[in-house]
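Biologist: Could you take me through one part of this model in detail, the place where the two chains meet? I'd like one connected walk-through rather than a list.

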Number of protein chains: 2
Amino acid sequence: MLPNDFYTPEVQGAYDLHSLGRFELEEGGVIEDLQLAVATYGELSPAKDNAILVPTWFSGTHQTWEQVYIGPGRALDPDRYFIVVVNQIGNGLSTSPHTAPDEIAMSRFPKVRISDDVIAQERLLREVFGIETLQLVVGGSMGAQQTWEWAVRFPDKVLRAAPIAGTAQNTPHDFLFTQALMDAITSDPGWAGGEYSSHTEVAAGLRRHAGIWAVLGLSTEFWKTEFWRGITMGEYRFTSMADFQTNFMEAVFTAMDPDALLTMGWKWQRGDVARNTDGDLAAALGRVTARTFVLPIDEDMFFPPRDCAAEAALTPGAELRVLPSIAGHFGLFGFEQTYLDALDGHLKELLAG
Amino acid sequence: MLPNDFYTPEVQGAYDLHSLGRFELEEGGVIEDLQLAVATYGELSPAKDNAILVPTWFSGTHQTWEQVYIGPGRALDPDRYFIVVVNQIGNGLSTSPHTAPDEIAMSRFPKVRISDDVIAQERLLREVFGIETLQLVVGGSMGAQQTWEWAVRFPDKVLRAAPIAGTAQNTPHDFLFTQALMDAITSDPGWAGGEYSSHTEVAAGLRRHAGIWAVLGLSTEFWKTEFWRGITMGEYRFTSMADFQTNFMEAVFTAMDPDALLTMGWKWQRGDVARNTDGDLAAALGRVTARTFVLPIDEDMFFPPRDCAAEAALTPGAELRVLPSIAGHFGLFGFEQTYLDALDGHLKELLAG
């Protein structure tokens with residue numbers, strides 16, 4: 001186990017570890033004792049019928065959801081719903097390369113797919129909480145991939161689905177983008193084939209990784225209008241593009257574990273609900289019975305609205321609702337009240353129907 | 001001088017080297033004998049009033065213009081015009097790090113700006129060809145940067161300007177994109193601070209460089225529709241995305257000289273006509289007297305039409321004409337007849353007025 005302060009309750013906020021025991025993965029690997037890091041908000045009703053599931057995105061944890069999306073009066077209202085945020089496998093909090101037992105640690109960590117997360121989450125909800133039906137599954141980016149997988153794999157359990165800024169079937173462009181992100185890490189000699197002895201040895205690769213995120217994760221207009229001037233980090237205000245790049249983008253990514261990012265990257269590249277239907281995407285999406293709002297972000301450079309619209313068109317009854325954010329994909333961080341208000345409006349409407 | 005077959009007439013087609021003698025650069029460096037690699041098409045009229053200048057783009061040479069854009073009956077018609085394509089300084093054919101005399105070779109190569117290219121081209125046209133007026137300056141990408149610099153710096157010499165898929169003032173997003181491209185090269189231990197003994201020692205970095213181009217240089221729709229299936233290389237047809245990435249994108253960039261790409265990248269990052277007017281972009285573009293068509297490509301991910309539209313709005317009499325290409329920025333390579341027809345139509349209209 002490699003020490004890394006980033007993956008502690010002090011930094012990420014409280015969560016519980018739930019053991020699912022032996023877990024066999026779709027690609028053939030086994031995690032002998034899969035631990036899922038879970039944060040819950042609100043109370044489960046006696047009938048266990050008020051649950052909302054939130055799976056996490058690439059490099060993310062439950063924390064952003066807690067700080068940005070969940071609260072009284074919001075769509076994700078803990079006074080009304082029991083909201084379960086499950087950290088994805090390999091994200092640094094749930095079982096991950098740098099915390100796993102020696103036989104599957106670091107470069108020996110097995111390949112994990114989106115379907116593995118969804119199967120594990122279904123078991124967690126049933127075995128730990130006794131939840132059989134979800135009022136809503138909502139997630140952004142890789143969380144949207146998991147949301148789609150839930151709606152296709154367990155249609156009887158998902159009443160509503162809200163995939164934000166993500167696709168049911170990963171696109172070729174996203175595959176290449178993710179590859180460039182991963183190559184930035186694995187090309188660092190400090191990565192050492194995944195066997196570094198501290199994530200700080202891979203700092204140069206993680207900085208380049210952050211540099212590529214800066215180009216695709218935000219938007220041309222975000223940078224042109226210097227939107228970062230309105231983003232604060234505690235009391236700190238950024239004074240230049242380079243300052244934002246160094247003290248926000250690079251600071252965030254250099255704190256993370258390289259093998260965790262690579263585990264998630266490999267998984268992201270292969271997200272595809274059509275694996276449930278012999279490669280037939282229309283057949284897979286045709287299985288969805290959830291009331292579904294498909295929620296791309298207008299300025300997203302790698303999950304552009306048209307890719308999401310094409311999937312919405314294949315999903316019975318799904319509606320396309322495009323969210324506004326000059327921050328592009330990173331609009332997910334909720335920098336703008338206009339974005340949050342738009343999303344809350346859509347989710348409230350979805351939950352009311 | 002490092003041998004590199006890519007930068008030979010056998011690969012690039014015929015060109016002439018013109019010596020401009022001692023050349024002082026804006027950043028303070030000096031090239032004692034600046035050589036510009038120049039290809040011309042057509043005949044200069046006795047009055048020397050039928051010249052068109054074409055500056056080249058990042059990593060490009062005169063060859064694409066010769067093969068794709070110039071021909072009888074085309075807008076760039078050598079039966080009518082004397083077309084001068086000047087390879088930009090540092091592109092591998094004009095004076096460049098890997099061919100320069102020892103005192104400025106490789107890591108000692110001085111910083112070159114867009115303005116240096118334009119000043120050198122003006123001298124070349126005047127001293128070598130006796131050309132004082134240009135019917136048209138047209139270029140794509142970094143060629144558009146040079147086109148804008150020409151129109152602002154030498155308004156009396158430029159009757160018409162056609163910047164394609166490029167901006168007068170480089171955007172912050174483009175700065176970050178170019179930085180990611182450059183970091184992919186300089187992070188390769190084989191680069192050795194610019195002192196490699198063969199470009200093949202930097203193959204891994206050049207492949208990552210190609211990998212980032214794949215994400216931004218084309219478009220999400222190019223990859224989704226597998227547009228590469230329609231692109232041929234001689235008799236060869238690509239059979240998969242990975243095949244195209246390896247045998248087209250990586251094959252092209254790994255043939256190039258790393259320090260040449262870095263020289264051009266540094267120059268691209270700092271292209272800015274407002275350097276002529278103390279940082280005032282509106283004042284700079286207000287100087288333009290050329291009849292100007294601003295020609296962004298609809299699917300361009302890093303020179304999006306709105307950035308070009310903003311500059312067109314500041315340029316007296318300029319018209320915005322958006323070109324269609326599913327190949328995004330790489331639409332410049334002319335994969336699509338529809339794109340070429342649209343561009344030719346605009347250029348013919350511009351030249352007729």
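**Where chain A meets chain B**

Modeller: Sure. Let's start with the charges: between chain A and chain B the count is six salt bridges. Keep in mind that this is a predicted model, so everything here is computed from it. For the wider setting, a search of the whole structure turns up 38 salt bridges over all chains.

Now pick out one of the bridges across the interface. B:Arg306 and A:Glu221 meet through their side chains in a salt bridge, at 3.2 Å from N to O. B:Arg306 sits in helix 11 (residues 305-313) of chain B while A:Glu221 belongs to helix 7 of chain A, so this pair joins two chains. Swap the chain letters and you'll find a partner bridge: A:Arg306 pairs with B:Glu221, with the closest N and O atoms 3.2 Å apart.

That swap fits how the copies are arranged. Chain A is superposed on chain B by a rotation of 180° with 0.0 Å of shift along its axis, and the RMSD is 0.0 Å. This is the relation of a two-fold axis. Both copies use the same surface, too: of the contact residues of chain A, 100% recur in chain B.

How many residues of each chain are in contact with the other chain? There are 27 from chain A touching 27 from chain B. Together the two chains bury about 2,500 Å² between them, and 70% of that is on carbon and sulfur atoms. Polar pairing is there as well, with twelve residue pairs in polar contact across the interface, counting pairs with both residues at pLDDT 80 or more.

Which helices build the chain A side? Helix 5 (172-186), helix 6 (203-216), helix 7 (220-224) and helix 11 (305-313) of chain A each put in at least two residues. Helix 5 of chain A gives the most, with seven residues. Sorted by class, the side of chain A that touches chain B has 15 nonpolar, five polar and seven charged residues.

One last bit of context, from a database record. An unreviewed UniProt entry lists residues 72-333 of chain A as "domain: AB hydrolase-1". In the model, that stretch of chain A is 39% helix and 10% strand, and its end C-alpha atoms are 19 Å apart.

Notes
Residues numbered from 1 in each chain as written. Chains lettered and ligands numbered in written order. Heavy atoms only, no water. Least-squares fit on C-alpha atoms with pLDDT ≥ 70 in both. Contact = heavy atoms within 4.5 Å. Buried area = accessible area lost by both parts, 1.4 Å probe. Salt bridge = Lys/Arg side-chain N within 4 Å of Asp/Glu carboxyl O. Polar contact = N/O pair within 3.5 Å; in protein donor to acceptor, adjacent residues only side chain to side chain. Helix = DSSP H or I, 4+ residues; strand = E, 2+ residues; numbered from the N terminus. Nonpolar A, V, L, I, M, F, W, Y, C, P; charged D, E, K, R; others polar. UniProt positions renumbered as here; feature names shortened; annotations may be inferred.
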